[in-house]
Amino acid sequence: MERDGEEGVLAYETRRRCHGLACTSLGSSVMIGLGSIGDVKYSGNLHHRSQTHELNLLIGRSSGGINGETSMELMESCSVLTPAPCVQLQFGGSASGLHRNLASVGDALRIYKIAFDESDEDSLPILKLATSLDPDQRSEPLRAVPLTSLSWVEEDVRVLRVACVDGSVTDFDPEVERITGTVVAHEKETYRVSTAHHNVNLFATASADASIRVFDSRDLQYSNILYENPNQASMIGVEWNRHSPYYLSAFARKSNQLIILDSRLPGLPVVILENETPSIVNASCWAPNSSQHVATANEAGYVSVWSLESIPHRITGPMLEYQAEKPVTNMAWEPECDRWVASITGGSLKLLRV
């Protein structure tokens with residue numbers, strides 16, 4: 001990974017605060033979903049204010065570079081206004097790029113179809129709202145808003161899970177646009193849900209009650225408490241390893257550590273990852289094509305890639321590291337050939353080549 005200003009780092013300035021982030025591949029290109037928040041505007045007096053929220057679709061297209069090397073240009077493809085900030089984004093749908101979808105959660109679950117002009121191979125894709133599910137739809141409402149997280153794995157695109165601040169997790173089938181199940185996973189807020197790639201019936205949750213739990217949708221009366229934070233800090237992140245049925249990553253609010261959990265050994269982390277200069281972990285993601293690599297982003301501006309090959313022995317530091325000038329608040333790893341890691345730093349989106 002190379003430093004900012006050198007080859008291997010692409011920057012895109014949004015001039016807006018960004019939060020939600022998703023990344024996927026589209027042939028030789030990279031497609032990025034980005035949720036942004038505009039400045040507050042006042043009309044007349046301080047009591048009348050408005051704020052715009054956007055969902056942006058960006059495309060990074062490869063082209064011939066100097067000395068025959070491949071370069072990439074990052075451009076905005078389209079944007080749509082949203083009633084509330086997009087807390088989390090995720091691409092889903094069939095394996096064909098022409099039929100992909102982009103799901104978002106915030107005040108509601110929304111699924112956008114990514115549409116192409118098939119008669120023009122150089123055309124940029126646009127977003128078309130396909131499904132919206134919120135509490136105003138009284139026939140089958142989601143239990144509460146705001147929604148905090150979603151999980152939509154490619155192994156079964158008919159299973160889309162969303163987490164809510166009331167502690168519940170809801171299963172939604174996008175094909176028939178129907179809720180298929182709901183469980184109250186925690187007595188406090190559920191901040192994150194992650195579906196297991198090896199078995200979509202299994203999902204893990206992170207909660208304000210300081211626990212990480214694992215559920216099986218075939219029997220929701222029981223759950224397995226995989227981890228409880230000894231300091232009773234809210235657990236705000238959890239993600240299942242894409243290639244290992246046992247490993248999960250997790251982190252707590254205002255924690256300097258990313259912990260790696262083994263579902264066969266509940267109670268204690270198998271390893272703890274922490275930068276040499278301690279800083280609050282804001283985001284993490286597993287490598288898409290390796291069970292042994294995970295990345296973290298922190299408040300000090302570090303994006304770090306860690307190797308877990310030495311587990312269960314202590315890991316002293318990351319194998320790759322990049323530092324931005326400001327805190328890195330979110331990140332996503334390109335899923336197909338894992339060449340790029342996308343990260344958010346203030347109003348900037350950066351693509352880091354790894």
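A residue counts as buried here when its relative accessible area is under 20%. With that cut-off in hand, a good place to start in this predicted model is strand β20, residues 258–262, which is mostly covered: five of its five residues are buried. Leu258, Ile260 and Asp262 point one way from β20, while Ile259 and Leu261 point the other way, and all are buried. As a rule, side chains in a regular strand alternate between the two faces of the sheet.

What does β20 pair with? One partner is strand β19 (residues 247–252), joined to β20 by four bridges, and the two run antiparallel. Within this pairing, Ala250 has Ile259 of β20 as its bridge partner. The two strands make up a hairpin, with five residues sitting between them. Lys254, in the turn, has a positive phi of about 55 degrees. Strand β21 (residues 271–273) also pairs with β20, this time through three bridges and again antiparallel. Here Ile260 stands opposite Val271 of β21. So Ile259 and Ile260 come up twice in the story of β20: both are buried, Ile259 is partnered with Ala250, and Ile260 faces Val271.

Elsewhere along the chain there is an open sheet of four strands, and its order reads β14-β15-β16-β17 with antiparallel pairing. At the edges lie β14 (190–195) and β17 (223–228), each of which pairs on one side only. Going from one strand to the next, the twist averages 20 degrees. In general, the strands of a sheet pair through backbone hydrogen bonds, either parallel or antiparallel. A closer look at the β14 edge shows five bridges joining β14 to strand β15 (residues 202–207), with the two running antiparallel. One of the facing pairs puts Ser194 opposite Ala204 in β15.

Next comes a polar residue, Asn56, which lies in strand β4 (residues 45–64). Is Asn56 buried or exposed? Its relative accessible area is 5%, under the 20% cut-off, so Asn56 is buried. The side chain of Asn56 has polar company all the same. There is a polar contact of 3.0 Å with the side chain of Ser36, and another polar contact, also given as 3.0 Å, joins the side chains of Asn56 and Glu54. Setting aside neighbours within four places in sequence, Asn56 is in contact with Ile32, Gly33, Leu34, Ser36, Glu76, Cys78 and Ser79. Ser36 therefore turns up both in that list and as a polar partner of Asn56.

Arg100 is another polar residue worth a stop, and it is found in strand β7 (residues 100–105). Why does Arg100 count as buried? Its relative accessibility is 10%, and the limit is under 20%, so Arg100 falls on the buried side. A polar contact of 3.5 Å joins the side chains of Arg100 and Thr24. Tyr112 is 12 residues away from Arg100 in sequence, and the two are 8.9 Å apart in space, C-alpha to C-alpha.

Finally, the cysteines. How many disulfides does a search of the whole structure find? The count is zero. As for where cysteines sit, Cys164 has 0% relative accessibility and so counts as buried. Cys18, at 10% relative accessibility, counts as buried too.

How values were computed: Residues numbered from 1 in each chain as written. Predicted model: local features only at pLDDT ≥ 70, side-chain atom pairs only at ≥ 80, totals over all residues. Heavy atoms only, no water. Pairing = 2+ DSSP bridges. Axes fitted to C-alpha atoms, helices over the stretch in contact; angles between N-to-C directions. Disulfide = S-S within 2.5 Å. Buried < 20%, exposed > 50% of the residue type's maximum accessible area, 1.4 Å probe, protein only. Polar contact = N/O pair within 3.5 Å; in protein donor to acceptor, adjacent residues only side chain to side chain. Contact = heavy atoms within 4.5 Å.
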